[in-house]
Amino acid sequence: MSIEFILDGRTVAAEPGQTIMDVARANNINIPGLCGEKRISKTTSCFVCVVKDLKTGRFLPSCSARPAPGQEIDASSEEVIEMRRTALNLLLSEHNGDCEAPCTVACPAHAPVEEYVRAGRNGDFLEALKIIKKRIPLPMTIGRVCPRFCEKQCRRNIGGKPVAINEFKRLAADLYYDTYVEETAPATGKKVAVVGAGPAGISAAYYLTLEGVAVTVFEAMPQAGGMTRYGIPEYRLPKKGILDRELAHFEKLGVKFEFNKKLGENLDLAQLQNDFDAVIIAIGCWQSSGIRCEGEELAVSGIDFLRNVALNDNVAPNPGKVIVVGGGNTAMDCLRTSVRLGSSDVNCFYRRTEKEMPAEKIEIEEAKEEGVNFHYLAAPVKIEKRGGKLVMTFRKMELGEPDASGRRKPVEVPGSDYEVEADTIISAIGQKTQAPAGVPVNRFGYLEAANMGNKLYSAGDCLSGAATVVEAVATGRNAAQEVLHDILGKEFELEHTVNVSRGNWQDLSTDDIVVLKGDELSKAEREELKLIPLEERKTTFKETTLTMEKERVMSEGKRCIECSCTDKADCKLRAYAEEYNCDPEAIKGERQVASYDVRHPLIIQDRGKCIKCGVCVKICKEVVNKSLLSQKKRGFYTVIGTAFEAGFPASCSDCGECVNACPTGALGWRIKK
């Protein structure tokens, strides 16, 4: 006989044996639950499925509580949701795993690093390219110029060197970029204008085109590429053999380009807003920041210097003795370009020490190899012209307390001024955007927001400030998603908001590295890139590095330990934590110790991820009819383990019932499926 009760304000009926959760789900009220399993007796351990009995004021676990006649149950109020959020945050507070591999978390484009490295390791570089292009539409470029955020967080840094992740992108693109052409959705009839053919604009155009939107890209310069063409030197990114080949792909997909069109001059913003369904502004940062010293007009800006060299096909007069002021990657590009133009006396002046220089360490090292002289703790005071030469006055500095960036602030040393003579002085200390009239900007002069309303969107450096190519590509994709949502009603493909992490590799030890694959962890040293001879580097603009051979890249793939969670695709804890806007750091406290049992040939037990729900214990006992797992110790220190800690015995049939039932990946397959 059915039982009637009130659920979220309406009368519902429960059949004999049904729980409150059963009835709620039958009435399209979704109640989360981590420990519920129909085939076993109730555990009521996670308390995530909590509901409130309005008559008694008690909170009940709906997975086991059975309704009573006339009972009034609240399953959806903010109070109940907050209780579930608290339960989830408590579980997260002691959960110790890696939802996502740290390399993927570190990548601004959130490229699925493990997946494309795995494909490359197996020799399937076409599949690797397909995976890469889901997030990185310029793999030939980024495979050459990316600062390798992913590699800096690679767990193989523990006691060694990171996996050479970037080489997988570069090789996959070099091998298959011309032959792999993506399918595009049917035309939607929608039109979008993109202003700026740099990485952000190209990225936005790419993702819009894939969804059937007609895109026209307007570019102020004679060719597409933005900073990749006019700011990154030829020796790092060849234009004819690589960039031109890569950019031609977008025309194959149907993207239209119009060149020598500059917003505010021969391109009218109001007209674009009238003619198109959306306008994405991606105009970059082309205005150089001044040196902020007397006579700064006598210096040439770094981006102007590099652009002029690029526009003249790398042919320019010998700049003579060169001073470059700055310590970033643009400064390194100016220094190394000066060497290639014939200067034998190239000098970098930086107001902090080498340790604080923001340039990539490999760029600094290669500049040194090419003969660049570095002068640290030197701040510009003034520039003068004397007898046909430029004379720059510097003041010695010393490091004081850290500033807002975390770097120690340079402090002037009184009476320490000195002069340096030069033929060319280049300022490379920062860039900013030049926003055209009618575009909203913030107090720093950058575009106000990614979605500015009135059909206006933005992406790239003009929104974020000068950044890297991969960061620009990521914002271009975000802009495309905003537009697709507004003009087509397409849902956002959201990033994961909950990423539990075992911590940075600097805080871990070799004991934290576990073999998650069936074969042994590779002990091989990192495969290093080959460089062309030093003399060739100094005297030509030939590409400095060579693409790594296929066999070496495949070998490098074996060094990857695939340290993301084996259950990340369908982890219930992560899914519900995101649904309820939880935060792994909301409740501070001791986390479970990361300990592993990898003695079984197929199953891995990762106790750090265990939430002690007991499902695996009951599955083994009540479904499989064995008692291989049990709870040990009490309270917070309770662990799930085998008898006498002997590991899964020979009597284990490898049925996988415990693995499949585990809601968090604490039990998983050693060999990734």
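Two strands count as paired if DSSP finds at least two bridges between them, and the strands themselves, like the helices, are DSSP runs numbered from the N terminus, with at least two residues (E) for a strand and at least four (H or I) for a helix. Strands of a sheet pair through backbone hydrogen bonds, either parallel or antiparallel.

The model on your screen is predicted, so that local features are given only where pLDDT is at least 70 and side-chain atom pairs count only at pLDDT 80 or more, while totals for chains, interfaces and linings use all residues. Residues are numbered from 1 along each chain as its sequence is written, and side-chain values use heavy atoms, with hydrogens and water left out.

**The whole chain**

Start with the full view, where the secondary structure comes to 22 helices and 27 strands, and where the C-alpha atoms fill a box of roughly 105 × 60 × 55 Å along the principal axes. Of the 673 residues, 53% count as buried, a word that here means under 20% relative accessible area, whereas exposed means over 50% and partly exposed lies in between (1.4 Å probe, protein chains only). The accessible surface of the chain, computed by the Shrake-Rupley method with a 1.4 Å probe, comes to about 29,900 Å², and 50% of this belongs to carbon and sulfur atoms. Among contacts (heavy atoms within 4.5 Å) with a separation of 6 or more, 69% are made by residues 24 or more positions apart.

**Strand E12 and its neighbours**

Now select residues 322–325, which form strand E12; Val322 and Val324 point one way, Ile323 and Val325 point the other way, and all are buried. Add residues 424–427, strand E19, which runs parallel to E12 and is joined to it by four bridges, with Ile426 as the partner of Val324. Then add residues 346–349, strand E13, which also pairs with E12 in the parallel sense over four bridges, and in which Cys348 stands opposite Val324. If you also colour helix H14 (residues 329–340), you will have E12, H14 and E13 together as a right-handed β-α-β unit; right-handed means that, with the strands pointing away from the viewer, the path from the first strand over the helix to the second runs clockwise.

**A hairpin**

Next select residues 378–386 (strand E15) and 389–402 (strand E16), which run antiparallel and are joined by eight bridges. Ile383 has Met392 in E16 as its bridge partner, and between the two strands there are two residues, where Gly387 takes a positive phi near 55°.

**The six-stranded sheet**

Which strands make up the open sheet, and in what order? The order is E8-E7-E6-E9-E22-E21, and the pairing is mixed. The edge strands, each pairing on one side only, are E8 (256–258) and E21 (451–453). On average, neighbouring strands of this sheet are turned by 20° against each other, direction ignored. Within the sheet, select E6 (residues 191–195) and E7 (residues 214–218), a parallel pair joined by five bridges, in which Val192 stands opposite Val215. Helix H9 (residues 199–210) packs on this sheet, touching E6, E7, E8 and E9 (278–281), and its direction makes about 170° with that of E7. Such angles run from 0 to 180 degrees between N-to-C directions, the axes being lines fitted to C-alpha atoms, for helices over the stretch in contact. Helix H17 (residues 469–488) lies across E6, E9, E21 and E22 (456–458), running at about 155° to E22.

**Lys612 and helix H20**

Is Lys612 buried or exposed? Lys612 sits in the loop between strand E24 (603–606) and helix H21 (615–623), and it counts as buried because its relative accessible area is 13%. Show its surroundings and you will find, among the residues it touches, Ser45, Glu94, Gln592 and Tyr637.

Move on to helix H20 (residues 572–579), whose buried residues are Leu573, Arg574, Tyr576 and Ala577. These buried residues pack against helix H1 (20–26) and helix H2 (78–94), and just after H20 you can select Asn581, which takes a positive phi of about 55°.

**The cysteines**

How many disulfides does a search of the whole structure find? The search finds zero, a disulfide being a pair of cysteine sulfur atoms within 2.5 Å. For Cys150, the nearest cysteine sulfur is that of Cys146, 6.0 Å away, and Cys150 counts as buried at 5% relative accessibility. Finish at Cys652, whose sulfur is 6.2 Å from the closest cysteine sulfur, in Cys655, and therefore too far for a bond; Cys652 counts as buried at 14% relative accessibility.

Note on methods: Lists of a residue's contacts leave out its neighbours within four places in sequence.
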